[in-house]
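Hi,

Here is the structure I promised to pass on to you. Have a look at it first, and then read my notes underneath with the viewer open.

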Amino acid sequence: METKTPRYLVPGDYMADPAVHVFNGKLYIYPSHDWESGIEENDNGDHFNMKDYHVFSMEDINGEVTDHGIVLDVKDISWAGRQLWDNDVACKNGMYYMYFPLKDKNDIFRIGVAISDSPEGPFVPEENPIKGSYSIDPCILEEDGVYYMYFGGLWGGQLQRYRNNKALECAAFPADNEPALCGKIVRLSDNMLEFAEEPKDVVILDKEGNPLKAGDNERRFFEASWIHKYNGKYYYSYSTGDTHLLCYAIGDNPYGPFIYQGVILTPVVGWTTHHSIVEFKGKWYLFHHDCVPSEGKTWLRSLKVVELTYNPDGSIKTIEGKKLSPMQKNEKE
Ligand code: FUB
């Protein structure tokens with residue numbers, strides 16, 4: 001178990017769900033912005049009632065974290081209902097595309113796009129969400145000039161309301177012994193504003209080649225897709241939701257299938273766990289959140305970073321989620 005000391009990044013505010021990329025030699029962090037909206041906590045995630053996004057940047061992993069301010073506000077999105085959840089940003093031809101999940105006026109999650117000519121924003125939203133989009137937690141992979149979006153999330157993320165990309169009359173979960181619901185992958189159009197194909201399942205297999213089952217709560221996908229490449233392999237990582245683990249699976253191409261490997265991060269303080277994995281200046285880092293600074297309030301999460309290491313065989317060393325940082329220890333002493 002890894003015990004490298006994590007660092008809190010934005011101690012003065014509550015930020016969660018970090019998507020992190022290196023643009024122009026700097027680290028850019030695109031988090032959700034938690035706040036105390038007074039909405040009661042429930043399994044639908046209504047308490048995650050976020051209304052804007054900030055962007056942060058860092059020139060060095062131990063250096064200053066610069067806040068570039070509010071870069072997109074729900075009041076500027078014409079189709080908005082409520083709840084700006086986890087976003088991700090991709091760069092193509094010098095333009096930056098922010099993909100964000102938001103409930104529309106019918107309380108259905110859609111994925112929207114907002115555009116900027118700078119990684120620091122501000123981002124200008126398109127008039128409508130992406131046609132055919134649904135659910136939450138978009139994450140973008142660029143591969144030889146082709147861009148793919150991974151997305152999806154159970155429970156409040158509404159993925160159980162769909163089969164084969166069509167809305168069901170009623171939400172339906174598979175039985176415990178049936179294959180689990182999968183996250184989705186879709187190729188984006190050349191202009192980055194549409195789906196270029198029907199979304200497909202991101203299938204996770206066990207080492208015997210069988211799809212993970214819906215009742216396999218310690219390993220099956222729940223939400224928070226992230227994808228990174230290491231030594232030519234594709235590492236698909238995600239949260240198991242109600243068992244609070246960050247897990248990963250490895251595949252040979254962006255579509256998978258992916259073979260389940262193990263746990264990246266054991267449960268943190270707080271219900272949700274969500275992350276990104278990025279290489280910067282020759283080292284690998286796990287950005288994630290927990291609820292230690294808010295003393296366990298699950299809707300008030302704080303951003304952290306910790307170094308991530310691989311074993312010689314390419315497996316990831318498990319990190320202990322509840323290890324306190326020195327700052328937290330000092331506060332409690
Ligand atoms: O921040 C709201 C939701 O909580 C995210 O979309 C999920 O991944 C979970 O972190």
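Below is what turned up, starting with the ligand and then moving on to a sheet and a few odd spots in the backbone. Keep in mind that this is a predicted model.

**The ligand**

Start by finding the ligand, which takes up the space of the second largest pocket. Which residues are around it? Going along the sequence, you'll meet Asp 17, Met 50, Trp 85, Asp 86, Ile 136, Asp 137, Glu 223, Thr 272, His 274, His 289 and Arg 301. If you sort this shell by type, you get three nonpolar, three polar and five charged residues.

Three of those charged side chains are worth zooming in on. Asp 17 has a polar side-chain atom 2.5 Å from an oxygen atom of the ligand. For Asp 137, the distance from a polar side-chain atom to a ligand oxygen is 2.5 Å too. Arg 301 also joins in, with a polar side-chain atom 2.7 Å from an oxygen atom of the ligand. And how much of the ligand does the protein bury? On its own the ligand would expose 270 Å², and 99% of that is buried by the protein.

**A five-stranded sheet**

Next, try tracing an open sheet of five strands, in the order β17-β21-β20-β19-β18. Its pairing is mixed. Which strands sit at the edges? They are β17 (204-205) and β18 (223-230), and each of them pairs on one side only. Glu 223, from the ligand's surroundings, falls within the range of β18. At the other edge, β17 runs parallel to β21 (residues 258-265), and two bridges join them. To spot one pairing by eye, look for Ile 204, whose bridge partner in β21 is Phe 258.

**Backbone oddities**

Here's some background for this part: most peptide bonds are trans, and most residues other than glycine have a negative phi. There are some exceptions to look at here.

- The bond from Gly 121 to Pro 122 is cis, with omega near 0 degrees. You'll find Pro 122 in the loop between β9 (109-116) and β10 (124-125).
- The bond from Gly 256 to Pro 257 is cis as well, with omega near 5 degrees. Pro 257 is in the loop that lies between β20 (246-251) and β21.
- Gln 83 isn't a glycine, yet its phi is positive, near 75 degrees. Look for Gln 83 in the loop between β6 (80-82) and β7 (88-92).

Have fun clicking around!

Cheers

Definitions and conventions
Residues are numbered from 1 along each chain as its sequence is written. This is a predicted model: local features need pLDDT of at least 70, side-chain atom pairs count only at pLDDT 80 or more; totals for chains, interfaces and linings use all residues. Side-chain values use heavy atoms; hydrogens and water are left out. A residue is near a molecule or strand if one of its heavy atoms lies within 4 Å of it. A polar contact is a pair of N or O atoms within 3.5 Å; within protein, one must be able to donate a hydrogen and the other to accept it, and residues adjacent in sequence count only if both atoms are side-chain atoms. Accessible areas come from the Shrake-Rupley method with a 1.4 Å probe; for residues, only the protein chains shown count as cover. On a 1 Å grid over the protein atoms alone, a cavity is a set of points where a 1.4 Å probe fits but cannot get out, and a pocket is an open set with protein on both sides within 12 Å along at least five of seven lines; lining residues have an atom within 4 Å of a point. A molecule sits in a cavity or pocket if more than half of its atoms lie within 2 Å of its grid points. Ala, Val, Leu, Ile, Met, Phe, Trp, Tyr, Cys and Pro count as nonpolar, Asp, Glu, Lys and Arg as charged, and the others, Gly among them, as polar. Two strands pair if DSSP finds at least two bridges between them. Helices (H or I, at least four residues) and strands (E, at least two) are DSSP runs, numbered from the N terminus.
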